[in-house]
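These are my notebook entries on a structure I looked through for helix crossings, the chain contact and unusual backbone geometry. The entries follow the order in which I looked things up.

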2 protein chains.
Amino acid sequence: MSTLWKSRYAQRTLGIKSSAIRELLKVTQRPEIISFGGGLPAPDVFPVKRFEEACHKVLSEQGAQALQYGTTEGYQPLREMIARNIARYGILATADNVLITSGSQQALDLIGKLLINRGDRILVEAPTYLGALQAFNVYGAQYVPVPVDEDGLLTEQLDPSLRAGPKFMYVLPNFQNPSGVTLSEGRRHQLILLADKYGIPIIEDDPYGQLRYEGEHIPPLVVLDWENVRRDNTFTIGNVIYLSTFSKTLAPGIRLAWIVAPEDVISKLVQLKQAADLHTSTFNQYVAYEVARDGFLDQHVKLIRQVYRERRDAMLQALHDYFPHEVTWTHPKGGLFLWVTMPEGTDSQALWHAALAENVAFVAGDCFYPNNGHEGGRHMRLNFSHSQPEQIREGIRRLSVAVKMQLRTNHVIH
Amino acid sequence: MSTLWKSRYAQRTLGIKSSAIRELLKVTQRPEIISFGGGLPAPDVFPVKRFEEACHKVLSEQGAQALQYGTTEGYQPLREMIARNIARYGILATADNVLITSGSQQALDLIGKLLINRGDRILVEAPTYLGALQAFNVYGAQYVPVPVDEDGLLTEQLDPSLRAGPKFMYVLPNFQNPSGVTLSEGRRHQLILLADKYGIPIIEDDPYGQLRYEGEHIPPLVVLDWENVRRDNTFTIGNVIYLSTFSKTLAPGIRLAWIVAPEDVISKLVQLKQAADLHTSTFNQYVAYEVARDGFLDQHVKLIRQVYRERRDAMLQALHDYFPHEVTWTHPKGGLFLWVTMPEGTDSQALWHAALAENVAFVAGDCFYPNNGHEGGRHMRLNFSHSQPEQIREGIRRLSVAVKMQLRTNHVIH
């Protein structure tokens, strides 16, 4: 019967596949498995009690408004709070520059909808965030991948890629998903100058910026863009659209994120969002505002930093203790992930199966490259936010067994 | 600066305009105005207390899960509850046929994304739901409008339109927005047979089906499709995709709706939803499940029916008492809206301004026709769910002043 529907699918849906990660996660939900696969925040730091108080307050004092339809732009006090919060990082936006979205994934979808015509090329880091590739794929994006190293995107390799005329650049400067690397301040300046030189705008995705465990805060691209390029102008948010979220600082289950952009871009995004889902849950916006207000968010972020730093350190220590010397990994200064590189010739898919036999899981690197590039074949992404330190140590021990086996197999083969 | 962005907007965003309704609503939020403009449920029937209890229960017992990422398909107990509820109307779906969406607007967006290539023609009722036009416009839809009368879509006029080969039909059979009319059972059978004859699938949008204030329930198209056409088969949901929502029975601010479709269509929609917003708020799904369970939803719907029936009756009575005899209106058997038709030559936009001067608002009919057709020029949509009966009476009195003035003006002009 459904052939009737199938024959009617639009062109854009051809080749859209279910996320590899989603499929992997199904396998790894067995309780005996220690999973470094997902990108899940630690549920033990969700501020559940504070949510309960906020729900009570919102429903008892503003129930009629919080359960009613709301504006597409978002709940005004929440937009204002976000504008105030990001002002501390030098982003001089007002509430009018802020659009509340149903998670950052919707921000990426709306941006794809707004900017991508079929065949447009998007410059991305290689590796990059899988969810962005999924969002942009729907609109027929092609990709110009540029490699990253420990200091982020290799800006010195950018010129030829920018000359190819990408529609925009999509960059995660802080503790990038999946690699965990951070774009250095020097390269940020260089990137902004190049963006200006070639007139190529930037989408700056910053879900983890507040989760820094060591080193100094580096100004976001959206701020450097203003300082470096438009020092003489009155303030406009110009070449850079900035994205962030409450998913990693409050909870992902409320699906609340935001876009910071010039007002006329916001107004176009509002039209697209209205057609996409009318508006983000009024109730969740009221509740998040009540949870975050009066300094709670800052205080809570401190707790998360402390917990995740300990987990990152546990993973780094365990990798050091158990992993063979041929294998290297990044040292993330924040965020949720680190990135392991195995010797040339390692097949991370085969390793994935071997690891599963040891009851430990990760995501194989090839997911994070456009067109499932083979560049990812010897990498794995490890999440350290979701497991307790002792689980992390045991999981890395198990993984090391699989890795060593795999390296021996390789050796035999070569 | 933002010219940089503007020059990069994708083709699909050209011609996407902000909703007329949204703009109108801004004007009508002044407290002295009685507004029949929005499509808002009555906040006085929101089950606020029950929401409070549900939030408390969910957070204290399942906080870690409810605030975490969830599956794209939706919270399994909620999907199962929906499957059980719709089974009572003869829709023999399982949870696997149900996809939870972020409001019905997202269902329409995902359907547009799945099915519409630029230039595809969609058969719609004229007038039809504005939000569907907005969702489909993004994907470059063209329209084949077919008029409605008091018994809904004029199926006897369908043959030539179906021969023109629309991609699908979009139909609201119950208490249609904006007209309030209901597709008769006879025409439903005819529609199903025609859909089968021409192989044109149907999107059945049913947000108000449970809000019937008089007359007998009529089986949904998705059920008739199965009974009439596929009686000999094992059960498949075939030619019809069915949409409904909790917005009108629980609260719109939680943004929860659902799509019922064959499993392979659901699986494709899941991929598109994953790219669009990952999943609908886990928290809201847990809470809605707790609110609705143990028969509460049914009981609550009875209360809503009682309240809205009274308001509809107040509006019908006031129209009868105040409006001149040249003006006619529909008699909706349920839902939130009725549709007023003024004599040929009336300009509903001019009337709208005249009404605003009398401190009363409505939505002019032309919004509800594809390409803002002039067919709508002498119609207005009136919402009766949001105002109290005495406000409704006073609002209709004020509106009658503007209408009579307008009719006099017309008379002078002609």
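I began with the crossing of α5(B) and α10(B), which is right-handed; I call a crossing right-handed if the near helix is turned clockwise from the far one by less than a right angle, and left-handed if anticlockwise. I take helices (H or I, at least four residues) and strands (E, at least two) as DSSP runs, numbered from the N terminus. The axes of α5(B) and α10(B) come within 10 Å and cross at roughly 115°, where axes are lines fitted to C-alpha atoms, for helices over the stretch in contact, and angles run from 0 to 180 degrees between N-to-C directions. That makes α5(B) roughly perpendicular to α10(B), on a scale where angles under 35 degrees count as roughly parallel, over 145 as roughly antiparallel, 65 to 115 as roughly perpendicular and the rest as oblique. From α5(B) the contact takes B:L110, B:K113 and B:L114, and from α10(B) it takes B:K268, B:L269, B:L272, B:K273 and B:A276, with contact meaning that C-beta atoms, placed from the backbone, lie within 7 Å. By class I find five nonpolar, no polar and three charged residues there; Ala, Val, Leu, Ile, Met, Phe, Trp, Tyr, Cys and Pro count as nonpolar, Asp, Glu, Lys and Arg as charged, and the others, Gly among them, as polar.

I note for the record that this is a predicted model, in which local features need pLDDT of at least 70 and side-chain atom pairs count only at pLDDT 80 or more, while totals for chains, interfaces and linings use all residues. Residues are numbered from 1 along each chain as its sequence is written, and chains are lettered from A and ligands numbered from 1 in the order in which they are written.

I then looked at α5(B) by itself: the helix has 13 residues and reaches 19 Å from its first C-alpha to its last, close to the 18 Å expected, the expected span being 1.5 Å times one less than the number of residues. Of its 13 residues 13 are buried, so α5(B) is largely enclosed by the rest of the structure; buried means 20 or more other C-beta atoms within 10 Å of a residue's own, exposed means 12 or fewer, and partly exposed lies in between, with C-beta atoms placed from the backbone.

Next I checked α3(B) against α11(B), whose axes come within 9 Å and cross at roughly 130°. That makes α3(B) oblique to α11(B), and the crossing is right-handed.

In chain A, I found that the axes of α4 (residues 76-87) and α11 (residues 282-292) come within 9 Å and cross at roughly 45°. The two helices are therefore oblique to each other, and α4(A) passes α11(A) in a left-handed crossing. On the α4(A) side are A:P77, A:L78 and A:M81, which meet A:Q285, A:A288, A:Y289 and A:A292 in α11(A); these residues divide into six nonpolar, one polar and no charged.

How many residues of each chain take part in the contact between them? I count 72 residues of chain B in contact with 72 residues of chain A. The elements of chain B giving two or more residues to that side include α3 (48-66), α5 (103-115) and α10 (263-277), and the largest share, ten residues, comes from α3(B). The residues of this side of chain B divide into 34 nonpolar, 26 polar and twelve charged.

One residue I followed across the chains is A:A275, found in α10 of chain A, which counts as buried with 27 C-beta neighbours inside 10 Å. Not counting residues up to four places away in sequence, A:A275 touches B:D109, B:Q134, B:A135 and B:V138.

Last, I turned to the backbone. Most residues other than glycine have a negative phi, and most peptide bonds are trans. The bond from A:A126 to A:P127 is cis, with omega near 5°, and A:P127 sits in the loop between β3 (121-126) and α6 (130-137) of chain A. The bond from B:N177 to B:P178 is also cis, with omega near 15°. Phi of A:L278 is near 65°, a positive value in a residue other than glycine; A:L278 is in the loop between α10 and α11 of chain A and is buried, with 26 other C-beta atoms within 10 Å.

Terms used
Two residues are in contact if their C-beta atoms, placed from the backbone, lie within 7 Å.
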